[in-house]
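I sat down with this entry to look up strand pairing, cores, one pocket and a few backbone angles. My notes follow the order in which I checked them.

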Amino acid sequence: MVAPKLKAEVRNNAGRRNCNKLRASGYVPGVIYGHGEDTKAIKLDKQELNKILSKHGSTGTIELEIASELVPVLIKEVQRDPIKDFVLHADFQKLSADKKVRVRIPIAIQGRELVETRTSGVVEQQLMEVELQCLPRYIPQYITVDASNLEFGDIIKLSDLDIAKDENYEIFTELDEVIVSLTASSKHEEVEEKEVPIYESEKSILDD
């Protein structure tokens, strides 16, 4: 998968007042840091950053275009306003092609609507992300889990996924962790509860 690109500009003025001015003018302050390198202060267009985060999430890798140079980075942290939820600040870690990086990758459930329609059950996701370590070129934007063939009582564990067996990844999340399961909906359970006593009462009449 080709990493998404985002333009950034180096900023010279730091401090809370300058950051507030940047936000008021449509930018988000951020920093880039890397092993053995000085931290670099940058600013990013707010709308373009929001597009990246909406489509790719607040983790994973992107390429920052700074003065015509493409810099591969990991989205390390995105700080948001606790009330209005807009982005206040973004941290990026510069990646080296030959150095492994430890990341948290979100899990995406595929086939949820299909199996819920087929079974009238509820697909419950219990694990939202996987912590792993790998070289930058192997970092996925997300881990897809196919739930379309689930039946009642079925579960999918982390150990069931191909990535858990791939030698390119070192998994830190427990492999026995349950990712997703299929359970009966409360509506389905209520129907069963109502049907049981009716059946038992009819049976008792027949026995008499």
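The entries below run from general conventions to single residues.

**Conventions.** I am working on a predicted model, where local features need pLDDT of at least 70, side-chain atom pairs count only at pLDDT 80 or more, and totals for chains, interfaces and linings use all residues. Numbering starts from 1 along each chain as its sequence is written, and side-chain values use heavy atoms, with hydrogens and water left out.

**Strands at the N-terminal end.** I took strands as DSSP runs (E, at least two residues), numbered from the N terminus, and called two strands paired if DSSP finds at least two bridges between them. I looked up the partners of β3 (residues 40–45). Strand β1 (residues 5–10) pairs with β3 in the antiparallel sense over three bridges, and Glu9 has Lys43 as its bridge partner. Strand β2 (residues 27–33) is also antiparallel to β3, over six bridges; here Ile32 is matched with Lys40. The hairpin of β2 and β3 has six residues between the strands, and Gly36 there takes a positive phi near 75°.

**Val10.** I then checked Val10, which lies in strand β1. I list Val10 as partly exposed because its relative accessible area is 43%; the classes are buried under 20%, exposed over 50% and partly exposed in between (1.4 Å probe, protein chains only). Contact means heavy atoms within 4.5 Å. Leaving aside neighbours within four places in sequence, Val10 is in contact with Lys40, Ala41, Ile42 and Ile66. The C-alpha atoms of Val10 and Lys40 are separated by 7.3 Å, with their positions 30 residues apart along the chain counted as the distance apart.

**Cores.** I defined a nonpolar core as a set of buried Ala, Val, Leu, Ile, Met, Phe, Trp, Tyr and Cys residues joined through side-chain atoms within 4.5 Å. The largest one has 27 residues, and those with the most contacts inside it are Ile109, Val130, Leu132, Val145, Leu161, Ile179 and Val180. Two or more residues each come from β7 (101–110), β9 (129–134), β10 (143–146) and β13 (178–184). The largest share, five residues, is from β7. Another core, of 18 residues, lies apart from it and includes Leu44, Ile52, Leu53 and Ala90.

**β13.** Which strands join β13 by bridges? Strand β8 (residues 121–125) does so through five, running antiparallel, and strand β11 (residues 155–157) through three, also antiparallel. Val123 is bridged to Leu182, and Ile155 to Ser181. Five of the seven residues of β13 are buried. Not counting residues up to four places away in sequence, Val180 touches Ile109, Val123, Glu124, Gln125, Val145, Leu150, Asp154, Ile155 and Ile156.

**Positive phi outside glycine.** Most residues other than glycine have a negative phi, and I looked up two that do not. Ala67 has a phi near 50° and is found in the loop between β4 (61–66) and β5 (69–80). Ala67 counts as exposed because its relative accessibility is 73%. Asp85 has a positive phi of about 70° and lies in the loop between β5 and β6 (87–94). At 45% relative accessibility, Asp85 counts as partly exposed.

Methods. Helices (H or I, at least four residues) and strands (E, at least two) are DSSP runs, numbered from the N terminus.
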